[in-house]
Structures are given as C-alpha cells and as structure tokens.
Amino acid sequence: MEFYSKAESMSREELEKLQSERLIKTVRRVYEKVPFYKKKFDEAGVSPKDIKSVADLSKLPFTTKQDMRDNYPYGLFAAPMKDICRIHASSGTTGKMTVVGYTKNDIEVWAELIARCITMAGGTKDDIIHNAYGYGLFTGGLGVHYGAEKLGATVIPVSGGNSQRQLKIMEDFGSTMLTCTPSYALNLAETAKEMHLDRSKLKLKAGLFGAEPWSENMRRDIEKMWGIDALDIYGLSEIMGPGVANECLQKNGLHIFEDHFIPEIIDPATGKNVPDGVAGELVFTCITKEGIPLIRYRTRDITRLLPTQCACGRTLRRMERLSGRTDDMLIIRGVNVFPSEIEMVIMNIEGVEPHYQIIIDRAEHGLDELEVQVEVNEKIFSDEIKVLEDLEKKIAKEIFTILGIGVKVKLVEPKTIARSEGKAKRIIDKRKI
Ligand code: DLL
C-alpha cells in the first residue's frame, strides 16, 4: 500500500535510528539556543553529550505549560525572530496565552503532516475541503489550510460560524471533506435538518474532527447524521497544532507522527514512564521543530499507546482516543471521572440529544455536586412530566452503574444548551474555590 510518506511504514529499527539522529540534533540545538533549556539541563545534571539515542530520552527534564507561561511570549524560541514567519497562540482559559512561533521549514513540515492526515482519511488532491476550523491565532484553521493546499486539494477557508451560509457553500461548492470540531459538526448537522437540506445533494464523504474531546458514541451520531466517515485528528499548539496524530480509516486509535514527535506516557503523579497499553499523561518531544522545539512537554492529555499493529499497514504507533485532560478530571466524592465518560453514557440513551453540559457546584455540606443537563428531543420534551422524570432517573442510574458516581440529571428543552462554533464548553464550574 502507498502512503503519503515512507516514514509511515518504516521498520521500528529504521524509525528509531531516525528519531535518535533527530533527537540528538534537537537537544544540542535547544541547549545552545535557549537559555531556559541550558539552565534546566544543567540543573538536572544532564548534558547534550548524554543523549545518544531515544533510549536516553528519560534522562531529560520535562517542560510544562508553566514554563511556557514563565517565558511568555518568545522565551522558548530556538530561532531568531528574523527566521520566525508565523505566530500562533492558544487563548488558555486560565492565565496567559501560550505563544508559539514557526520557521518557514516548520510551516512546510506542518503542511506535510496535515497532508498525511487528509490522506489517512481517504482524501486526495481531488477533494474539496470545507475547512470550518477557526482562522486566526488558533492553529486549526491555518494549519489545516496549508496542509490541504500542500496535498493539492481544493480548500474552502470558510472558518467557523454562520451555519446556514456554511451549508449553502457546502452544497453549491461541492465540499467532499469537512474539517471542524466535532461539536460544530453536530451543530451544522442540526441546522441542516432545520433547513430541510436534502443530504443527497451533498458530496461529503469524510470529516477530520478534533481540538476537543469526543466519544465513540458522538462519532456514531456524526456519521449517521452526515453519512460520512468521521475521523479523529489530534494536536496542540505547543507541539505543532493539528496533525500530531490522526486516525486512519480503521478508526481504531490515532497514528502518531513519530518521525517528528516522540511520544511517551507517564504516570502524572510520579513522572515515571508507564508501559504501552497503560493509560497516563501524554508527553511529546519535538525532534524536527526549529521555532519552538519543546522537550518532553507534558500535554496534560490522558491516553494510552496501543500495543498492537494497525491493520492499515502503517507502523506508526497509535494512541487511543483521548479520555480527557488531567485538569478536566472531576473528582466527585473520591471518584475520578472525565466529562467524556459521562458523554459516553448519556449518548447511549434513546431520545437524548448529543448536547449536554456538566455543572459542578459545592453544596452547603461542603461536598461537590454534579448536575448533568441533557437536551431531549421535542417528542420526549412534550411528553408527560412522569415520562421526563423517569428518563432523568434512568440516566442518573446508568451513570451510577457505569461510573460509580451519583449525579443529578436535568432534562432541558431542545436548543437550550449553547451551540459551539469551535471548542464546546462542556463544564461549568460554579465552585468558588
Ligand atoms: O486544538 C489543535 C487542533 C486544531 C487539533 C484542530 C485538532 C484539530 P490547542 O488549541 O492548543 O490546539 O488545544 C490543544 O485540545 O491538548 C487536547 O486537550 C485538545 N484536543 C486537541 N485535539 C483533540 C482530540 C488544538 N482529537 C488541546 N481529541 C489538546 C480530544 C483534543 N482532545
């Protein structure tokens, strides 16, 4: 089978050799060019000479989000500003923005990675890519844009928002692939339904959805609503943007572009590496970046590396769909839960719409309480109170059986929960801590 890059089917030995060469170069580069890394390595008692292969990776100290904040805006750049041709930043709900810079070569590599993602989803230069990720400081829009062009496909830089217009464009311009957040894909599908859009007029065949957590059940809903293959695309600004890992049509985990980023999974509490197959915090080391090559960056994302080979023939290791972020994990009366697990449960229940919100509050007795607000369809909502109450109980019972936590469930009218055009806000934390 032909892949976009020969790196996708390299033997483990070949790949590790390439990774080692690139790692050695990057470590030398950051040590020489970024005072922060020189200091950090010196303090950890490690010198670039100690890094001879990927096996030495764990000798290096971690980089954290706090390090990025402390060196805001350009302190971790390893290239002079005259060589930086683009800046992106993630807004960050807490604290300062995280700022990243790209050299011309970084942009070129990034475009190639996105071209590889699109190819994994079955896309070719014949595709018309409807790119509804936001354009701007967010990496989604421009990241996907350059990759689609690199592949030779046609890109429609529609960005987020104005759903009715999006659908008109999709129909008139013959879009074949949709790229946006999974929550916006649902939002668009809902608008299409309201507009009585005839789906047979659309040419859409696949979508690359990411930038926020979603579940297998959400995939099922999106695929059904659109009649397409819905694939998961992962990335983060600090490491590159979209295109750090992507699902192939096997839909069984995301292939990590290991020729550019070395993944590790660590126990977030101890910082120790865990074996493949065990869940923990995902850590990446950039080995080809010039602008801001981060070493052992703690993403705070939780996943595991899948130990088996993928049936598609790619040898790049896969990570499981993210289960959440360390900072999104809710601890409800001692039980750890991720919002995506709640999503998985509620979206398996008949009559429930894929729109929900989790509200955390601290009750008078001092314990945290969780309320799950879920939209139901018109038919159920207009039913008798008793039917609604029974459904609330059923959902709460299901959450208790599967996740072991007691929550309050509130069914709400169709369209009450705010629709997103980018990343959905699933959690509202009312606790005043
Ligand atoms: O969200 C980059 C991106 C754009 C990825 C478009 C995919 C598509 P940031 O704004 O820096 O970058 O946010 C990164 O979003 O650490 C994850 O917590 C989350 N995230 C990204 N992709 C996924 C995904 C972009 N496929 C943060 N599944 C990451 C779950 C995701 N969470």
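In this predicted model, Y234 has a relative accessibility of 7% and therefore counts as buried, the cut-off for that class being under 20%. Its ring pairs with that of F284 in a tilted arrangement, the centres lying 6.4 Å apart and the planes meeting at 35°. The two partners come from distant parts of the chain, Y234 belonging to strand β7 and F284 to strand β11 (residues 280-286), with the two positions 50 residues apart in the numbering. F284 is likewise assigned to the buried class, because its relative accessibility is 0%.

Strand β7 also contributes to the surroundings of the ligand, where 5 residues, the largest share of the shell, come from this strand. In total, 21 residues surround the ligand, and the closest are D232, I233, S237, D301 and K423. Three polar approaches can be described for members of this group. A polar side-chain atom of S237 is placed 2.4 Å from a ligand oxygen atom, while an N or O atom in the side chain of D301 is found 2.6 Å from an oxygen atom of the ligand. For I233, by contrast, the approach involves the backbone, one of whose polar atoms is 2.7 Å from a nitrogen atom of the ligand. The ligand taken alone exposes 610 Å², of which the protein buries 93%. Two or more residues of the shell are supplied by each of the elements α5 (139-151) and β7 (229-236), and the composition of the shell by class is 9 nonpolar, 6 polar and 6 charged residues.

Across the whole structure, the search for aromatic pairs returns 8 of them. One such pair is formed by F36 and Y37, whose ring centres are 5.0 Å apart and whose planes are inclined at 70°, so that the geometry is classed as edge-to-face, for which the angle must be over 60 degrees. Y37 is buried because its relative accessible area is 1%, and F36 counts as buried because its relative accessibility is 16%, which falls under the 20% limit. These two residues also belong to a cluster in which ring pairs link Y31, F36, Y37 and F41.

Aromatic rings are further involved in arrangements with arginine side chains. The charged end of R86 sits over the ring of Y146, at 4.6 Å from the ring centre, and R298 lies over the face of F62, where the corresponding distance to the ring centre is 5.4 Å.

Methods
Residues numbered from 1 in each chain as written. Predicted model: local features only at pLDDT ≥ 70, side-chain atom pairs only at ≥ 80, totals over all residues. Heavy atoms only, no water. Near = heavy atom within 4 Å. Polar contact = N/O pair within 3.5 Å; in protein donor to acceptor, adjacent residues only side chain to side chain. Areas by Shrake-Rupley, 256 points an atom, 1.4 Å probe, with all protein chains shown as cover. Helix = DSSP H or I, 4+ residues; strand = E, 2+ residues; numbered from the N terminus. Nonpolar A, V, L, I, M, F, W, Y, C, P; charged D, E, K, R; others polar. Phe/Tyr/Trp six-rings, centres within 6.5 Å; stacked < 30°, edge-to-face > 60°. Buried < 20%, exposed > 50% of the residue type's maximum accessible area, 1.4 Å probe, protein only. Lys NZ or Arg CZ within 6 Å of the ring centre and 35° of its normal.
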